[in-house]
Protein chains: 2
Amino acid sequence: MPFFSQTVQHIRSSEIRDLMKLATRPDIISFAGGMPNNDLFPVAEVDDIILNMNPDIKKMAFQYGPTSGYPPLLETLKKYLKSKGLPVDTHRLMITTGSLQAINILGMEFIDPGDLVLTENPSFIGGIAVFKAFQANIKGVPLQHDGIDTEALEQILETEQPKLLYVIPNFHNPAGIIYSMEKRKKLLELLKDKDILLLEDDAYNELYFSEKARQLSKPLMAMNHDGVTMVYTGSFSKILGPGFRLGWMLAPPDIYEKAQIIKQGIDACSPNFTQVIANEFMKKGYLEQYLNKIRKEYAGRKQLMQKSLKKYMPEEVTWTEPEGGFYFWLKLPQHMNATEILKESVEKGAVFVTGKTFDPEAKRNNYIRLAFSNMNKNDIDKGIQIISNAIKKNILVHS
Amino acid sequence: MPFFSQTVQHIRSSEIRDLMKLATRPDIISFAGGMPNNDLFPVAEVDDIILNMNPDIKKMAFQYGPTSGYPPLLETLKKYLKSKGLPVDTHRLMITTGSLQAINILGMEFIDPGDLVLTENPSFIGGIAVFKAFQANIKGVPLQHDGIDTEALEQILETEQPKLLYVIPNFHNPAGIIYSMEKRKKLLELLKDKDILLLEDDAYNELYFSEKARQLSKPLMAMNHDGVTMVYTGSFSKILGPGFRLGWMLAPPDIYEKAQIIKQGIDACSPNFTQVIANEFMKKGYLEQYLNKIRKEYAGRKQLMQKSLKKYMPEEVTWTEPEGGFYFWLKLPQHMNATEILKESVEKGAVFVTGKTFDPEAKRNNYIRLAFSNMNKNDIDKGIQIISNAIKKNILVHS
């Protein structure tokens, strides 16, 4: 049971499951869950879509669909991706059951046991879990305030031959950063004519807080990437709702062909019911309207959190102010153990996720991830105060 | 790329993909697709559910849910499964993204490359594809008119140690048969105290055409199966709609625990949006009402097809009249090649799936599967006449 044992080891070692339980305690302030805000979902718009749907399309929503996706949604999504500069004419688009499934399919397609896979450190826990499940040898490349450490990457590439590099250039989960233009160019340059698949996960692309961030958030795949084999993944989870379980993958034709055959054996097709709704949601112009609303809300929450962090955190704690997305990523002093801080915070009424969870080697633990997306806004200040106090207490003990 | 290469080989060798293309030609009569009828879906009931849904539940439908499933649906489904005699108190229930995902998860949990996996011959193509993807050594055990050939199975078990046996006891896809009580008992007896997982796929359970068939369709897992480790899978695809992508798995606690961790890394959770609707569909009593309607419709279609088959088929062609489900499984004379018959039929305007597709070793090809679920009812007679003529022509050539 090779798959299983490694996956278990990884997920068990993370504290996510226990945290999720804590996070549902009614009195606790949770910065843990990386999910959209419950009160923002476009419920009325989706009601309207369902009520006014053509009866034949409605029937189709109940039926199996093509493995690659509901054709009208593929067309609508292509137009949208084209507007972002993505190469939808030379590449092929596939709807997946969440973008996590896209990563899974690529794992199945590319990774043999023992293959070297590079991720950023820290990285998205779901991606790490997939690569572990396929028994990859995972190496983390340090992430800096402006993107992946290209010098460290260059050094690795001098002596090793990774199969795949997995990156999240925009509004990173968990690190909250966005890649600079310089880092983007340097990364593509480093990978040019090397036989390494570059997997770009862009789940947070639309959640920018400023025009500057919007301009910078252009996908890597929309840049000139001659000589670099790339797959781009995106998701409806942040722009409509995770409950739809819809993501997508834009890939070169040969990778797409194999991916489609693999998906056929995994779940035959993604839910037609939610694909039909997602298509109408985009076609009716609800998406842009909804995005304007949520960008404003999340930017406001980020401001509140930034203010509270500045007010309460000791100077030993540092972070990069996010320009989009859901997360603050706090660096604690080297000696500190985030798990200790978590225990103290939970006791006082606030939870978050410890840094170790996002370290592909599950070692480094002097970081914490704070999501500002889905708690009661009025609790942000109190929650940050609790966590700050836990950190200060720990500093005192060690000084 | 071990997974990939074997999957491709399997799926490419089947003709399903080409057939699906043919089946969409407007003038062709298709007995190919194993899908529910488009015009029967409970569209009005689902509209009613969405319109009258509690706003808080509606919001939740957009959000991530627990990996094991939307808790109210798990409760509702447990009551339903309990009414079928299934051991929901000693076993654990998990919602999956279609029941195909359940088979995938078990493949991941149990199968190492080279492991022996037994299936019926013929068997469900999706199941075969999963076992091939995990590089199992698949052996088909012949299926008879009343269930698996227990003598052949006994013989295999004398010398070999399979990891898993996959069966579809009720309204088999593709064979259309139901296991006799004798075969059910004998099967459980043979597996007693052997270290073999018995995987029971019961996707068609509700689609019986008579009271006798209803009584016989009691799940194997609802019988005394002391000493046999079992997992039971079911699906909303045939009782609500495949577009919902919802199935389930009932498993012993230790298998469930591992399955949950694996599912977390595959797609985090199944679509909450469709789970919320499925729960209301059952709770409001729409399910039983819908089942009564579709059982009657499919039974009527079966009658029509049986009549036409008797009218047109040469005596060399034999079949077991189905007591439920979607399929007739026709045995042609030994020397005949179903692919030749298919070519001739397509030319004259009717498609079906050749037997080889459902043979785990992709050899035997003197069978054809005819689905009566989703074509225009008035075309059944004409379509069967076309296929019968193709067979008769082939008999003449060979005599």
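## Two copies, and one helix pair

Mentor: In this predicted model, 100% of the interface residues of chain A are also interface residues in chain B, so the copies meet through the same surface.

Trainee: How many residues does each chain put into that contact?

Mentor: Chain A gives 51 residues and chain B gives 51 residues. On the side of chain A that touches chain B, several helices supply at least two residues each, including helix 1 (2-13), helix 6 (99-110) and helix 11 (253-266). By class, that side of chain A divides into 27 nonpolar, 16 polar and eight charged residues.

Trainee: And what makes the relation between chain A and chain B that of a two-fold axis?

Mentor: Look at the superposition: a turn of 180 degrees with a shift of 0.0 Å along the axis lays chain A on chain B, and the RMSD is 0.0 Å. That is what a two-fold axis does.

Trainee: OK, now inside chain B. Why is helix 14 called oblique to helix 15 there?

Mentor: Start with the angle: helix 14 (residues 338-348) and helix 15 (residues 380-398) of chain B pack at about 135 degrees, with their axes 9 Å apart. Roughly perpendicular runs from 65 to 115 degrees and roughly antiparallel needs over 145, so helix 14 of chain B counts as oblique to helix 15 of chain B.

Trainee: Which residues make that contact?

Mentor: From helix 14 of chain B, they include I341(B), E344(B) and K348(B); from helix 15 of chain B, I387(B), A390(B) and N394(B) are among them. The class count for this helix pair is five nonpolar, three polar and four charged residues.

Trainee: Is the crossing left-handed or right-handed?

Mentor: Helix 14 and helix 15 of chain B cross in the right-handed sense.

Conventions:
Residues numbered from 1 in each chain as written. Chains lettered and ligands numbered in written order. Predicted model: local features only at pLDDT ≥ 70, side-chain atom pairs only at ≥ 80, totals over all residues. Axes fitted to C-alpha atoms, helices over the stretch in contact; angles between N-to-C directions. Helix = DSSP H or I, 4+ residues; strand = E, 2+ residues; numbered from the N terminus. Parallel < 35°, antiparallel > 145°, perpendicular 65-115°, else oblique. Left-handed = near helix turned anticlockwise from the far one by under 90°. Contact = placed C-beta atoms within 7 Å. Nonpolar A, V, L, I, M, F, W, Y, C, P; charged D, E, K, R; others polar. Least-squares fit on C-alpha atoms with pLDDT ≥ 70 in both.
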